Amino acid sequence: MSHADSPLSLRTARVADATAIAGLSTQLGYPSTPEQAPARLGRLLQMPDHAVLVAERAGRVVGWAHVEQRVNLESGDRAELMGLVVDAEARRSGIGGKLVAAVEQWAA
């Protein structure tokens, strides 16, 4: 079974994923230092109105999504997708869609 054929799992991020998440963010032009990523992720993971989900294949984080629950005066409760990244080597394989579905499930 090749790496691309390995099963995909989605789960809540852990602080230990911060380096992988930062690397994926850097692919899109949003670099993060090794000191910044764990601190930022650690803060978000403590906030019940935020969720950071990762897609993992063969023990490697290949994507992430960050969602935030918000309340607006004009529209009430809503969830906003704050970030979504899939590894360049894993794009066009449905991972982004699976992360969005997981975000929608969290928001519901």
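From the N terminus on, the elements of this protein follow the order β-α-α-β-β-β-α. The model is a predicted one. Colour it by secondary structure, and three helices and four strands can be picked out. The radius of gyration is 14 Å, close to the 13 Å that the globule rule gives for 108 residues, so the protein is as compact as a globular protein of that length. Along the principal axes, the C-alpha trace spans about 50 × 30 × 25 Å.

**The sheet**

Select the four strands next. They form an open sheet in the order β1-β2-β3-β4, with antiparallel pairing. Its edges are β1, residues 8–12, and β4, residues 76–86, each of which pairs on one side only. On average, neighbouring strands of the sheet are turned by 20° against each other, direction ignored.

Now restrict the selection to β1 and to β2, which holds residues 50–57. These two strands run antiparallel and are joined by five bridges. To see one pairing, select Ser-9 and look across to β2, where the bridge partner is Glu-56.

Add helix α3, residues 95–107, to the view. This helix packs on the sheet and touches β1, β2, β3 and β4. The direction of α3 makes about 155° with that of β4.

**Helix α1**

Which residues of α1 are buried? Select Ala-18, Ile-21, Ala-22, Leu-24 and Ser-25 to display them. Seen down the axis of α1, the buried residues fall within an arc of 160°, so they line one face of the helix. An α-helix has 3.6 residues a turn, so residues three or four places apart point the same way.

Show the surroundings of this face: the buried residues of α1 pack against α2, β2, β3 and β4. Then step past the end of the helix to Gly-29, which follows α1 and has a positive phi, near 90°.

**Helix α2**

Move on to α2, which comprises residues 36–45. The buried residues here are Ala-37, Leu-41 and Gly-42. They cover an arc of only 125° around the axis, which puts them on the same side of α2. What lies over these buried residues of α2? The cover includes α1 and β2.

**Arg-14 and its contacts**

Select Arg-14, which is placed in the loop between β1 and α1. Is Arg-14 buried, partly exposed or exposed? A residue counts as buried under 20% relative accessible area and as exposed over 50%; Arg-14 has 46% relative accessibility and therefore counts as partly exposed.

Display the side chains around this residue. Leaving aside residues up to four places away in sequence, Arg-14 touches Leu-41 and Leu-45. Leu-41 has already appeared on the tour as one of the buried residues of α2. For a longer span, draw a distance from Arg-14 to Ala-88: the two are 74 residues apart in sequence, and their C-alpha atoms are 22 Å apart in space.

**The whole protein again**

Finally, return to the full model and switch on the surface. The protein exposes about 6600 Å², of which carbon and sulfur atoms supply 53%. Buried residues make up 37% of the 108 residues. Among contacts between residues at least 6 apart in sequence, 54% join residues at least 24 apart.

Terms used:
Residues numbered from 1 in each chain as written. Predicted model: local features only at pLDDT ≥ 70, side-chain atom pairs only at ≥ 80, totals over all residues. Heavy atoms only, no water. Pairing = 2+ DSSP bridges. Axes fitted to C-alpha atoms, helices over the stretch in contact; angles between N-to-C directions. Contact = heavy atoms within 4.5 Å. Rg over C-alpha atoms; globule rule 2.2 N^0.38 Å. Buried < 20%, exposed > 50% of the residue type's maximum accessible area, 1.4 Å probe, protein only. Areas by Shrake-Rupley, 256 points an atom, 1.4 Å probe, with all protein chains shown as cover. Arc of directions from axis to C-beta.
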